[in-house]
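Subject: Structure handover

Hello,

Here is the structure I promised to pass on. Please open it first, then read my notes below.

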Amino acid sequence: MELRNPVLVASGIIGYGREYERLVSLDKIGGIVTKTVTLRPRAGNPPPRVCETASGLLNSIGIENPGLQGFLDAKVPILRELPCAVVVSVEGEDVDEFCQLVRGVDGSGVAQAIEVNISCPNVGPHGLKYSTDAGMAREVMSAIRPLTRLPLIAKLTPNVTRIAEIAQACEECGADAVSLVNTFIGMAVDSRTRKPILGTVLGGLSGPAIKPLALAKAWEVVQAVDIPVVGMGGITRPADAVEFLLVGATAVEVGTALFANPGLAEDCVDEIGAALARYGGTEIGDCIGSLEVPEGRGVVRAGRAMRTGRGGRAS
Amino acid sequence: MNLVACTVVSNRELSPGNHLLTLKVPRAFAKPQPGQFIHLRIGDDGEPFLRRPYSLEGFFEQRGVRAVRIYFSVVGRGSKVLASQGAGKELDLIGPVGVGFAPRPRRTPILVAGGRGVAPLLFLSRRLRDRKRSFVFLFGARSRSELYGHREIRGGRLHLATDDGSVGYKGSVLDLLEREWVEGGHTPLTAEIFTCGPHGLLHGIADFARARGIRCEASLEGPMACAVGACRGCPVPLLPGADNGRYPAMCVEGPVMDATRVDWERLP
C-alpha cells in the first residue's frame, strides 16, 4: 500500500469523509480510515456518549453505522471521490461476520486497505474478545486472510498485559500491518448525582491524556513484529506524530484532537517534513525508528516474546 | 459552515455567572439562521481540550463587519475559561452549524424561553421583527436577575414569569403558555411554538404541544465532540416508532428538532 504521506485520520473521527470535507484538506493527507462498518446497521449506544475528562475524551458511541449494505449503497460512492487513500474499518460479532465484511469491502473496490477493528470497547462482549486473546486474534485473521488481496491492518486494543503477543499472532496469521492503540477503557462518575456520566457506564479514553501510554505500546510492538506498525493515541501537537515515527511507527493516525483542530492532520504532514529536514534525512525511512536509545534501555518487561535488533537505534 | 478565526469584541458579565460575548467574524462566516450554533475554541492552552457548542444570541452586520453574540452561563470548565477571555482575544470557531428554527407563514409564533435558553429566541424574535411578523414571547427564569434581553424585544407581545415572583407571573413559564393558548384563542392551525431552555421545561412544553397537536420546535443542548455529524457523539433519543430507532445527531440534524418526537425521558 502506497501513501502520499504517513498521516491518516483514524476511524470514528471523520465519518466517511464528507462530514469534514469543508474543514480538512483531504488532498494533503495520506488517507482516512472510515467509521467502522458492521454487518447489520447499528443505532449505537444510548446517550450520553461523550464526556470530556482531564486532557481527554471518554466516548461510548457503539459503532453507529448503516451496516454493510448501507455502506455499499450510500458511502462507497462518496468514498470513491475522495482525493486520498481510503482504509475501510470493519467489525464483526463473530468470525463469519468478519468474513462477510471483508468480502463485501473487497468487492466494493473502494478500499486501499482494510482495518480490522478487533478492539472496540463499546459494543458489548464481542468487541474486545479478538484482540485480548492471541488465540482468538489468530482465529479471525486466519479466516479473513484468504478472502482478499488487500492489505489487512489489525487494530489492537491497549487493554491487555502483553500487546506484543497479540500483534505477533496477527502477524503470523497474515496481517500486513497492525495499528494501535484503540481507546483505553475508562469511566467517569458524577459525584453530585451519584451516577455514571456515560449511558453505558464504561467507555474508551482518547486524547492527549493517553499519548504517553500509546507511545509505549507502539514502542513495545515495534520491537516484537516485522510488519509495519501504524501508531496512534493522543496525537494533539504536530510533533506528536513525529514521536510515533521515531519510536518506529511507519505511519500515524490522528484522532480525537482533530475535533479541536481540524487542520491537525495537515499540520502533522508539515511537521514530519520539517523534522526530516532537521534530522538531515531525505526520505521518511530516515525518521522511522531512529529514536536514539542507550543500548539495553527501554526493554518492555511485560512482553516476554521480544526480539532483538529492532526498534531503537543504539547510540 | 466554515472554520474561521474570530476576535472577542466584548465579554460582559450581565448578572452573576451570566455573560454576553460578542465575537467579530470574517465574511467567510455565512449569515446564520436563528437556532444555529457555533462550535467555539475556548482557549489556546488545551484546557479545555475540546470546543464547546453555543447557540447564537444574535448576528449583526454593519458596513460589512460581521459579529455574532452568545449568551452563556458559567457552568463548567469550558465556560469558566471562556468567561475570562477579554476583548482582543483571538479564537476560532466552526459555524454556523445545524438546523435552525423554521417558522411557517401565517401562523403566530409563540416563543417560550426558560433561563439562558432565551438566547436563540431573542435572535428569532429579531428576525421575525425584521420580517414584520408579530409574535408572542413568554420568558421564564428563576428570578429577576436571570432575566436577560427582554427589554429589547420589539414587535411582539411579552409575558414574564419568575419562580420567586420577583417580576411577572409567579410560577413556571409553562403555566404562562397554557394561559396564553386559551386566552389568545390559538389553535394548531393558527399558532406554533418555538422553545429553548432546561430539558425538563422542554419536556413539559412538548407534552403540552403533543396533546393538542401543536407544531413545536425545541432547541436542544448537550455535549458534542465534532459538531459536524462525524463522531455520532450527540444522539437524540426519539419516541418509539420515530425514525426506526435511529438516533439523529443533535449537531447537524438539530439542535432545533420537533419537540413532540423527542423522547425526553431518555435525553440527559
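Start with one term: two residues are in contact if their C-beta atoms, placed from the backbone, lie within 7 Å. On that basis, 28 residues of chain A are in contact with 27 residues of chain B. On the side of chain A that touches chain B, strand 3 (50-53), strand 4 (56-59) and helix 8 each supply at least two residues. That side has 16 nonpolar, seven polar and five charged residues. The classes are these: Ala, Val, Leu, Ile, Met, Phe, Trp, Tyr, Cys and Pro count as nonpolar, Asp, Glu, Lys and Arg as charged, and the others, Gly among them, as polar.

Some ground rules. This is a predicted model: local features need pLDDT of at least 70, side-chain atom pairs count only at pLDDT 80 or more, and totals for chains, interfaces and linings use all residues. Residues are numbered from 1 along each chain as its sequence is written, while chains are lettered from A and ligands numbered from 1 in the order in which they are written. Helices (H or I, at least four residues) and strands (E, at least two) are DSSP runs, numbered from the N terminus. Two strands pair if DSSP finds at least two bridges between them.

Now the first sheet of my notes, in chain B. Seven strands form an open, antiparallel sheet in the order 4-3-7-1-2-6-5. Strand 4 (52-55) and strand 5 (58-62) of chain B are the edges, and each pairs on one side only. Neighbouring strands are turned by 35 degrees against each other on average, direction ignored. For angles, axes are lines fitted to C-alpha atoms (for helices over the stretch in contact), and values run from 0 to 180 degrees between N-to-C directions. Helix 2 (residues 118-130) of chain B packs on this sheet and touches strands 4, 5 and 6. Its direction makes about 45 degrees with that of strand 5 of chain B.

Strand by strand:

- Strand 1 (residues 2-15) and strand 2 of chain B pair over seven bridges, antiparallel. Glu13(B) stands opposite His19(B). The hairpin has two residues between the strands, and Gly17(B) there takes a positive phi near 85 degrees.
- Strand 2 and strand 6 of chain B pair over eight antiparallel bridges. Leu21(B) has Ile70(B) as its bridge partner.
- Strand 5 and strand 6 of chain B pair over five antiparallel bridges. Phe60(B) is matched with Ala67(B).
- Strand 3 (residues 37-40) and strand 7 (residues 90-97) of chain B are joined by three bridges. There, Leu40(B) has Leu93(B) as its bridge partner.

Which way do the side chains of strand 2 of chain B point? They alternate: His19(B), Leu21(B), Leu23(B) and Val25(B) point to one face and are buried, while Asn18(B), Leu20(B), Thr22(B) and Lys24(B) point to the other and are not. Buried means that 20 or more other C-beta atoms lie within 10 Å of the residue's own, exposed means 12 or fewer, and partly exposed is in between, with C-beta atoms placed from the backbone.

Chain B also has an open sheet in the order 11-10-9-8-12-13-14, with mixed pairing. Strand 11 (169-170) and strand 14 (256-258) of chain B each have a single partner strand, so one side of each is left without a neighbour in the sheet. Strand 9 (residues 135-141) and strand 10 (residues 156-162) of chain B run parallel, joined by seven bridges. Helix 2 of chain B packs on this sheet as well, at about 155 degrees to strand 8. Helix 4 (residues 199-212) of chain B lies across strands 8, 12 and 13.

In chain A, look at helix 9 (residues 264-279). Its buried residues include Leu264(A), Cys268(A) and Ile272(A). Asp267(A), in the same helix, counts as partly exposed because it has 17 C-beta neighbours inside 10 Å.

Last, some backbone oddities. Most residues other than glycine have a negative phi, and most peptide bonds are trans. The bond from Pro47(A) to Pro48(A) is cis, with omega near -10 degrees. The bond from Leu180(A) to Val181(A) is cis too, with omega near 10 degrees. Ile63(A) has a positive phi of about 50 degrees and is buried. Arg63(B) also has a positive phi, near 50 degrees, but is exposed, with 4 other C-beta atoms within 10 Å.

Best wishes
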